[in-house]
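Let's walk through this structure together, one question at a time. Have the sequence and the model open as you read.

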Amino acid sequence: MRHFTTEVLIIGAGGAGMYAAIEASRQGAGDVLLLERSLIGRGGATVMAQMTVAAALEADDDWHFHYQDTLTAGRGLCDPALAALLCEVGVDVIREMEGWKVGWARDGNRLRAVQAPGHDRARCVYVDFLSTGPAVSRTLRTQLQRHERIRRLGDVVVTDLVTQEGHVTGAVGFDIASGTPVTIEAKATILATGGLTRLYRRNSASAHMSGDGFALALRAGAKLLGMEFVQFFPIGHLAPRMVGMDPIMWDPFRYKLGGRLLNGAKEEFIDRYGGTDEGRYTTTRDLATYAITQEVAAGRGSPAGGAWLSFRHVPQATLREAFGPVIDKLAANGIDLTRDDVEVAPIAHYHMGGVRVDTGMRTDVPGLFAAGEVVGGANGANRLSGNAITEALAFGKIAGAEAARAAPGPAFSPAAAAEALALVGAEGPARNTAALVVALQAAMADHAGPFRDAAGLARASAAIAAIRAEAGPLPPGAPGLPHDMVRLDWFDLRQMLLVADSIVAAALARTESRGAHQRIDHPETEEDWRVNLLLSGDERGLDITRIPVPEAA
Ligand SMILES: Cc1cc2nc3c(=O)[nH]c(=O)nc-3n(C[C@H](O)[C@H](O)[C@H](O)COP(=O)(O)OP(=O)(O)OC[C@H]3O[C@@H](n4cnc5c(N)ncnc54)[C@H](O)[C@@H]3O)c2cc1C
């Protein structure tokens, strides 16, 4: 058993967690423990991101314009105060990253920016070539080392939070390399565990994005909102086989070069669905996902079941200039864009919903904060490109500052920690947990993907129940073994099943179509449904309440 005591515990070391740690330390937290199930700064989405970061940095821009675009994209469901923080604090954090030498691409004194879909002007900065996320992560890792009060603890997965008298007083889990149980006592705990897209068969996620934070929050008594809004990235790479490259790499080149999206008959089709690419490629993600899926359903898809993306109209020299060394990686994969179109299709990419927080990133449970993609509400029913990294950094900064100032709760109780640790020490019968994860991913993709109906969602619900029964109430095998991946998959599956429950329950309850949630049986957007669905409970039952969307101040 290993036990740690800290003032501020941060679970998850992506962009949000690392920024939170730095800010908590700057704001005077006595000590900060940054805990991560993978390696610090290398585990989740932040390090994988390759595209752009949105912030109103230039003189001809203003964070209020960015805010308006964010609200519009959110289809009426953004929490205006959170959206405003994303856009306003976003400017500060992106500038601070510049000061920390992240290396945003430049033209002389001006940062180079592209206009991504849904933004009214060019405000999405990046690090060439496809290096935005790695550069952001590297920069934050370097900054972490300047703070001696920040302890970094990798390879530890948190399985439960410790709650006492309605207050979070720490967390428990185990060390993956040794199997040793771990308990952590903390005055304030920040969930910075990222998204949930590993729940879907085709996704852009790392293996660490099982939605742990949503499940941890629910079981501790916090509330979730917007769980029905899973964002599908419309042009994830589908074919031909491509090794060593991010499946969502095509987007920035599409904006820069005007990549044409074509159906199986090589016709442009976005305008049939209300989109207006008109050479600027500004169709938002929900609409593009819808358009591609509808073309495939109508028998007009590409051979592998998606759409064609074509750069053949772009001269070779322009392609080389824009793609830089990426063109050689494509060549190594046998792809010559002057000759070949590639096939693309929607993949699960980001989650708009998540833990309900106030403007101090406080959840409904004292002692528990949240930051980054695990937070719900800022992006409403649909997120703008580039907003997620900005959200992670801005919300991380706020959460770190507020957690450093948090009032202490009840004294940590070893008995409460032992109770929370019960499953880590439990021993259950052998199970093929990896196969169960795959079964869950298939059920979610087939029945709770971007297009839903009541019958399909009922099938998803039944599949979740069957998989839960098959997984059983106890983790397979004996505790305390090193690198026990079968057992780790069971713990992941436990979180994934509860998160899947919450997506399906919210998707079933919302009988309209809006943003990333499209109900085939309720195709219209209804004004009555301009409300949020708030979830509480756990696997024994979820409560859903309709709550009004907060009004802008
Ligand atoms: C391939 C890809 C490309 C993207 N491109 C862009 C882009 O160009 N621009 C943009 O704005 N957004 C992009 N996004 C989205 C964006 O990267 C994320 O929303 C953002 O980085 C989330 O940051 P985060 O810190 O909240 O979470 P993450 O960076 O995902 O970090 C969460 C961390 O928590 C850890 N963790 C999770 N559960 C536990 C647990 N139980 N115990 C311990 N640790 C845990 C994970 O291992 C992970 O390291 C992209 C996402 C992906 C997947």
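Q: In this predicted model, which residue's backbone oxygen lies 3.2 Å from a polar atom of the side chain of His351?
A: His351 belongs to strand β16, residues 342–351. With a relative accessibility of 0%, His351 is buried. A polar atom of its side chain lies 3.2 Å from a backbone oxygen, and that oxygen belongs to Phe229.

Q: Which residues does His351 touch, leaving aside those up to four places away in sequence?
A: His351 counts as buried because its relative accessibility is 0%. Phe229, whose backbone oxygen lies 3.2 Å from a polar atom of the His351 side chain, is one of the residues touched. The full set is Leu196, Phe214, Gly226, Met227, Phe229, Val230 and Glu373.

Q: Which strands are at the edges of the open sheet of four strands?
A: The sheet has the order β17-β12-β21-β22, and its pairing is antiparallel. An edge strand here pairs on one side only. That description fits β17 (354–355) and β22 (541–548).

Q: Which residue of β17 is the bridge partner of Leu225?
A: Strand β12 covers residues 224–225 and is joined to β17 by two bridges. These two strands run antiparallel. Across from Leu225, the partner in β17 is Gly354.

Q: At about what angle does helix α14 run to β22?
A: Helix α14, residues 485–509, packs on the sheet. Its contacts there are with β12, β21 and β22. The direction of α14 makes an angle with that of β22 of about 45°.

Q: And at about what angle does helix α5 run to β21?
A: Helix α5 spans residues 212–219. It lies across β12, β17, β21 (531–538) and β22. Relative to β21, α5 runs at about 70°.

Q: How many bridges join β1 to β11?
A: Strand β11 is mostly covered, with nine of its eleven residues buried. Strand β1 (residues 2–11) runs parallel to β11, and Leu9 stands opposite Thr189 in β11. The number of bridges between β1 and β11 is nine.

Q: Which residue takes a positive phi in the hairpin of β10 and β11?
A: Strand β10 (residues 167–175) runs antiparallel to β11, with five bridges between them. Gly170 stands opposite Glu185 in β11. The hairpin has five residues between the strands, and the residue with a positive phi near 80° is Gly179.

Q: Which residue of β18 is the bridge partner of Ile190?
A: Strand β18 covers residues 368–370. Strands β11 and β18 pair in the parallel sense over three bridges. The partner of Ile190 in β18 is Phe369.

Q: What kind of aromatic pair do Trp63 and Tyr67 form?
A: These residues are four apart in helix α2 (residues 63–73), so about one helical turn separates them. Both Trp63 and Tyr67 are buried. Their rings are 6.0 Å centre to centre with 65° between the planes, which makes the pair edge-to-face.

Q: How many residues apart in sequence are the parts that the pair of Tyr200 and Phe232 ties together?
A: The ring centres of Tyr200 and Phe232 are 5.3 Å apart and the planes lie at 80°, so this pair is edge-to-face. Tyr200 is buried at 1% relative accessibility, and Phe232 is buried at 8%. Tyr200 lies in the loop between β11 (181–191) and α5, and Phe232 in strand β13 (residues 230–239), so the parts tied together are separated in sequence by 32 residues.

Q: Which residues do ring pairs link into a cluster?
A: The count of aromatic pairs comes to eleven. Ring pairs link some of these residues into a cluster. Its members are Trp250, Phe253, Phe311 and Phe323.

Q: How many disulfides are there?
A: A disulfide needs two cysteine sulfurs within 2.5 Å. The sulfur of Cys87 has its closest cysteine sulfur in Cys78, 8.8 Å away, so the two are too far apart for a bond. For Cys124, the nearest cysteine sulfur is that of Cys87, 11 Å away, and Cys124 is in no disulfide. The count of disulfides is zero.

Key
Residues numbered from 1 in each chain as written. Heavy atoms only, no water. Buried < 20%, exposed > 50% of the residue type's maximum accessible area, 1.4 Å probe, protein only. Polar contact = N/O pair within 3.5 Å; in protein donor to acceptor, adjacent residues only side chain to side chain. Contact = heavy atoms within 4.5 Å. Pairing = 2+ DSSP bridges. Axes fitted to C-alpha atoms, helices over the stretch in contact; angles between N-to-C directions. Phe/Tyr/Trp six-rings, centres within 6.5 Å; stacked < 30°, edge-to-face > 60°.
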